[in-house]
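Trainee: Please take a close look at one sheet in this model. I would like to know how its strands are arranged and what the chain around it is like.

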Amino acid sequence: MDHRTPLININKETTAIRRLFSRNRIKISTGIISVAIVIVCATAILTPMFISKHKNTTPPLPASINLSDSTTVFSTNKLPMSGSTIDYRLMPYVGNGHVATVIFSDFIYMNGIFNGENGTSHRARIPSTLNWQFRINSSSSLYSLDVASGAFTEELEDNQVRVERRIFASQEYTELLITYVIVTRLGSTGNPIIVPVEVNEQTTSVDFNLTVMSRDDKCVFLAGKTHQVENNRFQRDVLPLFVYYTPLPANGLQLGAHETNHTYIFVTSLDTQQDRAKRSFDYASTERQPDQLWSAHVSRWNNIWSNGSIEIRGDDELQRQIYGAFYYILSSLPPLSSLSEHKQFYGLSPGTLSWGGMNGESYSGHSFWDMETWMYPPVLLFYPTLAKEMLSYRIAMNNSAASNADLFGYEGWRFPWESAHTGVDVTPDCCPTGRLYEMHITGDIAFAARQYIAATKDQKWLISEMGGDLIYETAHFWASRAIYNPNRKQFEILMVLPPDEDAQPFKNNSAYTNAIASLSIELANQVSCITKKPVPQAWLNVSRNLYIPFDNVSQIHLEYENFDPKHTIIKQADVVLLGFPLMWPMSEQIRRNDLLTYAPLTRDDGPAMTWSMHGIGYIELNDFDSAEKYFRHSYEIYVRKPFNVWTETQQGVGAVNFITGAGGFLQAVLFGYGGIRLTLNELVIMPPKSLPNQSTNLIFHGLKYQGATLDLTMDSQMYQLYVRALDNASQPLVYEHDQQHGILHATDLLHFPVATRLSIHPATPICP
């Protein structure tokens, strides 16, 4: 296979899609853009030199990269098995933020479609139209996930024919799941060939009342509704579903006596609106040629990777991990560009859009703090419009959040621990402590809003898209939740469950919860000049006088009041999150003490994302050996071959396609080895004197900051920042490094020694 790398189109040359659909090959090439996941830096790595700033009239040309298939295509000749059946837990999925399915599995899932009441709510199982199998005695087989173009390919061959099946969730029209099959004759013509197919067609579901409305040899039309509403107060009616799909030929796939090859296309279109589902089905099945559908899909994936990506040089295995992690997250998010009508996004679940159809399976498709704390930050830095979609889900659930706060006797918006279609708390009855006490999620959502404003300074979102309401009402909740302790002369937040879920059933004064509550209230004040929502002094008194448990003898933050570090084991990262991502003020020594104390207290079987935070912390302290140990631990034992599927736990599997862990891993690359810090006032870049694993260069392509698109390249001695583009509507950005400072311009190139601090910030602060 020939997979090439997409290069930055610096000169904005017109792309021309060449031949896209040939055997064993998925390729887009242009003068400057070619399909794969990585985008090459605009210049080569610089050798050590004096600090300088270049103004280029002609942008430096990108260096070419020739990547092996191993970094972009995950292949095997044997599928993962559990006994005699496919182990679907370790199979990849295809998705586009609207629909998703695990390859060859029995179900398709749709964004926002849940069945079940309150704590029994789960993703509604739509019978798959893609789970049929060829019945040939193949002498060779190959199964490949191409993360460059978001497609899965199966290739089988016997002594008569070669069969190639390609499956993808269209980025052009998100209602569509498309399967191509190419049957190729291996011998001479003269006799017809039939490829038998085992059909697993199902037109019923335990989650829908489905009816076959019509059927012919061109199209089957299913319609129905879910059985139960999630909550009578916030959902008036059960949810509709309309499915159009191409039926399989009753007698198998035929190759005529004089045909050397034949291409079949099977289209599935799903939506909650019948006209939209039908329109997309007709478009794909009758109005467009197969190669046009494919090229439109691949060009949009190309656009995704051209907008932002991470490149590793010198370590192909690490590059594979990065590609896979981004692919599995992005495939559950809406496309950057689509011809489909915009739809409300309903959040990221720890197990992606492709799982969650049964109670307890991958958390039933519910959204947790995982979305904002673990998956959101790497998305924000490269794709801020998608980060905004993630926040839009929380804003759309504002009525439920207000009701949830009122239910417990508080004000503002309190978001539920587990959320699905309506935004009410759908935590199952097995886990009442999460529903009752794990309220730090409200602060996590506010912190994500902080990061969004820091990265974009999106005043429209604050003023007219309810972003300001989100920030104000989450602060309102925390101000109403805190109580004053006259003996301590400080405010407290009692009866909470911290991120460490082993601290059952609840504790008082979680350090993490209190810190993020304080930041939430302060954020409302910091943007009040834009939102015109002044923060009462009483709220500020709370935020500036919240009790954070601390041991003066050992000089560590205590996870909660009366925490005993000598006799307690914790589940996952908690106090270490104060250092990052919260960047809570503390000395380097206290940061070190926290890491040294809590790392050995953390359960060995803790979830995947925990170790990435320890890795970031040790990089801050220049302990690169410990950092690499934790960095490797964050992914090596959680990613399962052959398709690099993330699992939640080390022993067994836990939740699968566990993009919470993938998000934590990507954060370790960006904020650990990339040395990036994002605050309301500035973007700080200070790469450490170390690169991950065996890599020689680390490159971030398409970082977004307040109207600027930046490419950051680093080796073990120098780093450089190339200003790829600037939004003319944005206010000027100022850079500062040591004694140097100035205004950034498009095509500027800055280069500095690693472990030195570069600050970029707007000429005027958010609220002067």
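Mentor: Two strands are taken to pair if DSSP finds at least two bridges between them. This is a predicted model, and what follows should be read on that basis. By that criterion, four strands form an open sheet in the order E5-E6-E7-E10, and their pairing is antiparallel. The edge positions belong to strand E5, residues 93-95, and strand E10, residues 126-127. Each of these two has a single partner strand, so one side of each is left without a neighbour in the sheet. In general, strands of a sheet pair through backbone hydrogen bonds, either parallel or antiparallel.

At the E5 edge, the partner is strand E6, which covers residues 99-102. Three bridges join E5 and E6 in the antiparallel sense. Within this pair, Val 94 stands opposite Thr 101 of E6.

Now the chain that holds the sheet. Its secondary structure comes to 18 helices and 38 strands. The C-alpha trace spans about 90 × 65 × 50 Å along its principal axes. The radius of gyration is 26 Å, which agrees with the value near 27 Å for a compact globule of 768 residues. Of those 768 residues, 64% are buried. Among contacts with a separation of 6 or more, 68% are between residues 24 or more positions apart.

As for the surface, the protein chain exposes about 27,700 Å², of which carbon and sulfur atoms supply 49%. The chain carries 59 positive and 74 negative side chains, and the centres of the two sets lie 4 Å apart.

Terms used. Residues are numbered from 1 along each chain as its sequence is written. This is a predicted model: local features need pLDDT of at least 70, side-chain atom pairs count only at pLDDT 80 or more; totals for chains, interfaces and linings use all residues. Side-chain values use heavy atoms; hydrogens and water are left out. The radius of gyration is taken over C-alpha atoms; the globule rule is 2.2 Å times the number of residues to the power 0.38. Buried means under 20% relative accessible area, exposed over 50%, partly exposed in between (1.4 Å probe, protein chains only). Contact means heavy atoms within 4.5 Å. Accessible areas come from the Shrake-Rupley method with a 1.4 Å probe; for residues, only the protein chains shown count as cover. Lys and Arg count as positive and Asp and Glu as negative; His and the chain ends are not counted. The place of a charge is taken as NZ of Lys, CZ of Arg, CG of Asp or CD of Glu.
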